[in-house]
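Reader: Could you take me through one part of this model closely? I'd like a connected account that I can follow beside the structure.

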Amino acid sequence: FIIDEADHMADLGFLPAVTRIFQAIPASAQRLLFSATLDRGIERIATTHLTDPAIHAAAVGTPAAETMEHRAFTLDREHKVEVAAKVAARHGRTLFFVRTKHGADRLSKQLQQRGIESAAIHGNRNQSQRNRALADFASGRRPVLVATDVAARGIHVDGVDLVVHYDPPADHKDYLHRSGRTA
């Protein structure tokens, strides 16, 4: 039995369901739990439902988000797309994060209308579309990728130059996951 992204499941309110599933499987079954953090009840689930768990943690040190340069801009809504297009047109790979699937498609289309090669990735895309978008972004064929927070935890592309929080994240951990793409 494997639970991945347990911390994110807890953030979405699925912790009671995860607990019920753990209680329903035999105690002798192999159980694996993967989580970026052990907060929000995940540590309790681990200690209650895992036998002799092996815990692997990233080295303690300066968090990646602190080793990056962060800048914030406040814009009027009517200027947001134009500023995003100027940022996206620069040299290098840029990853934009938005809040919604529709927003990802819309921003990608708006950038393409301004001559900027971009692709959108989110939960409504099939695996083939997601693979193609990531491959195009990784190779530089499309130097801009627009993604939702759901995709933030699954994207690994070396050489991302800039992460733009086009829409602010709903949770501070989402900010860290988004920004970690350049760390």
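Author: Happy to! Let's start with the second largest pocket, whose volume is about 840 Å³. A pocket here is, on a 1 Å grid over the protein atoms alone, an open set of points where a 1.4 Å probe fits, with protein on both sides within 12 Å along at least five of seven lines. Its volume is the space filled by probe spheres set on the points, which are joined across faces, edges and corners.

This is a predicted model, where local features need pLDDT of at least 70, side-chain atom pairs count only at pLDDT 80 or more, and totals for chains, interfaces and linings use all residues. Residues are numbered from 1 along each chain as its sequence is written, and side-chain values use heavy atoms, leaving out hydrogens and water.

Now to the walls: 23 residues line the second largest pocket (each with an atom within 4 Å of a point), and Arg71, Phe73, Val163, Val164 and His165 lie nearest its centre. Two or more lining residues come from each of helix H4 (80-88), strand S6 (160-165) and helix H8 (172-179). These are DSSP runs numbered from the N terminus, helices being H or I with at least four residues and strands E with at least two. S6 gives the most, with five residues.

And the chemistry? By class, the lining of the second largest pocket has 15 nonpolar, four polar and four charged residues. Nonpolar covers Ala, Val, Leu, Ile, Met, Phe, Trp, Tyr, Cys and Pro, charged covers Asp, Glu, Lys and Arg, and the others, Gly among them, are polar.
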